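The following exercises treat strand pairing, salt bridges and empty space in one protein model. Each task sentence is followed by a solution in steps.

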Amino acid sequence: MPDYIKAVDGFGFAGSITKYYYYITSKVWIDSHFLYGVARKRKKQIFVETWHGGLGIKKIGMDSEEFSNDRYQVKKMQSTVKLADVFISNSDHLSHIYRSAFAYNGEIIKCGYPENDKLIHGFSQKEKICSLYNIPVKNHILLYAPTFRDGYENGQEIDLSPYNIEYPALKATLEKRFGGTWSIMIRWHPIMERSAVLTDTMAVNVTAYPDIQDLILSCDCMVSDYSSCIFDAAIHKLPCFTYTTDLEVYEDGRGAYYKVRELPFPNATNNEELKKIILEFDEHDYQMRWDAFVDKTGLRETGKASETVSEYIFNKIN
């Protein structure tokens, strides 16, 4: 990475001198979260907001009543909007969210997410991931990647029943439907890492691995709940399923941009239903539902997002 570009992740360098040194000395800021309390942005500095969770199910920003009532979160959002030179979008759906949820009226580039370019091009990471986690490379792999529930942010003790997948039964069902030997990896949301200690399963815990795109590129199937990562897996053309034991409570409480059952992914609310939807999975029907969803949301993953964003940055610099 050139010296004049410093990518500062939203979760990194919190409160450190290094963080502020990079903010002050770099020409370009790239971030996927809200920026608040950072160094003052100079006139010729560029801030590219890539955001995270394109096509996300959960309502965010001012679209969420809970968020709009949180003065601190609103300040973070307003700070980000004021600092940003451009927002990167992967769909008409996300571009609309930038306008409605963030009250952002600036430039939007709808080119897809740079991090998803390798999903489009399909660069397999299976050998690397299997070697790292001692999984036989000949095995098929399912990735279970659920999101957090409200309360985790504050370190509260949380009911883990929404994550009660019966892994031996899931493994047997996958082998019956798709054939071969299957392994299961679980990736908790970053703020849920302590759940790995509380949950004793046969799944391989890959939460510490930093890049979920690499995990998706090593897998043959995904199960999630309300996480936007399921859309990334679908972009890579994996069979995807949603497992939502708390569906009505979650949708009513958190708020959603679309109902889970309206998504192209077969949905289960208990282990018996999960077994059923996997056994009855129809590739052709799934692809038709996904194609319709792509049209509805105006999804645009070009596989050239990194190139497009880089061109934007260098044109601004020059």
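Two strands count as paired if DSSP finds at least two bridges between them. Helices (H or I, at least four residues) and strands (E, at least two) are DSSP runs, numbered from the N terminus. The model is predicted: local features need pLDDT of at least 70 and side-chain atom pairs count only at pLDDT 80 or more, whereas totals for chains, interfaces and linings use all residues. Residues are numbered from 1 along each chain as its sequence is written, and side-chain values use heavy atoms, with hydrogens and water left out.

**Exercise 1. Surroundings of strand E4**

Task: Determine which strands pair with E4, and state whether the side chains of E4 are buried or exposed.

Solution.

Step 1. Strand E3 (residues 46–49) runs parallel to E4 and is joined to it by 2 bridges. In this pair, Glu49 stands opposite Phe87.

Step 2. Strand E5 (residues 107–110) also pairs with E4 in the parallel sense, over 4 bridges. Here Ile88 of E4 faces Ile109 of E5 as its opposite residue.

Step 3. The connection from E4 to E5 includes helix H4 (residues 92–101), and the three elements make a right-handed β-α-β unit. Right-handed means that, with the strands pointing away from the viewer, the path from the first strand over the helix to the second runs clockwise.

Step 4. For burial, the cut-offs on relative accessible area are under 20% for buried, over 50% for exposed and in between for partly exposed (1.4 Å probe, protein chains only). Strand E4 (residues 86–89) is covered on both faces: Val86 and Ile88 are buried on one side, Phe87 and Ser89 on the other.

**Exercise 2. The open sheet**

Task: Give the order of the strands in the open sheet of 6 strands and identify which strands stand at its edges.

Solution.

Step 1. The order is E8-E7-E6-E9-E10-E11, with parallel pairing.

Step 2. Strand E8 (204–205) and strand E11 (267–268) are the edge strands; each has a single partner strand, so one side of each lacks a neighbour in the sheet.

Step 3. At the E11 edge, strand E10 (residues 240–243) and E11 are paired in the parallel sense over 2 bridges. Thr242 stands opposite Asn267 in E11.

**Exercise 3. Salt bridges**

Task: State how many salt bridges the structure holds, and describe the pairs formed by Lys41, Asp214 and Glu280.

Solution.

Step 1. A salt bridge requires a side-chain nitrogen of Lys or Arg within 4 Å of a carboxyl oxygen of Asp or Glu. The structure holds 8 of them.

Step 2. Lys41 and Asp85 form one such pair, at 2.6 Å from N to O. Lys41 belongs to the loop between strand E2 (28–31) and E3, and Asp85 to the loop between helix H3 (71–83) and E4, so the pair ties together parts that are 44 residues apart in sequence. Lys41 is partly exposed at 22% relative accessible area, and Asp85 is partly exposed at 23%.

Step 3. Asp214 pairs with Lys118, their closest N and O atoms being 2.8 Å apart. This pair links distant parts of the chain, since Asp214 lies in helix H9 (residues 212–216) and Lys118 in helix H5 (residues 117–121), 96 residues apart. Asp214 is buried at 6% relative accessible area, while Lys118 is partly exposed at 23%. Both belong to a network of salt bridges that links Lys118, Lys128, Asp211 and Asp214.

Step 4. Glu280 and Lys276 form a salt bridge with closest N and O atoms 3.1 Å apart. Glu280 is exposed at 52%, and Lys276 is partly exposed at 46%.

**Exercise 4. Empty space**

Task: Characterise the second largest pocket by its volume, its lining and the elements that contribute to the lining.

Solution.

Step 1. On a 1 Å grid over the protein atoms alone, a pocket is an open set of points with protein on both sides within 12 Å along at least five of seven lines, and lining residues have an atom within 4 Å of a point. Grid points are joined across faces, edges and corners, and a volume is the space filled by probe spheres set on the points.

Step 2. The volume of the second largest pocket is about 160 Å³.

Step 3. Its lining includes Pro264, Phe265, Lys276, Glu280 and Tyr286. Helix H12 (271–279) and H13 each give two or more residues, and H13 provides the largest share, 3 residues.

Terms used
On a 1 Å grid over the protein atoms alone, a cavity is a set of points where a 1.4 Å probe fits but cannot get out, and a pocket is an open set with protein on both sides within 12 Å along at least five of seven lines; lining residues have an atom within 4 Å of a point.
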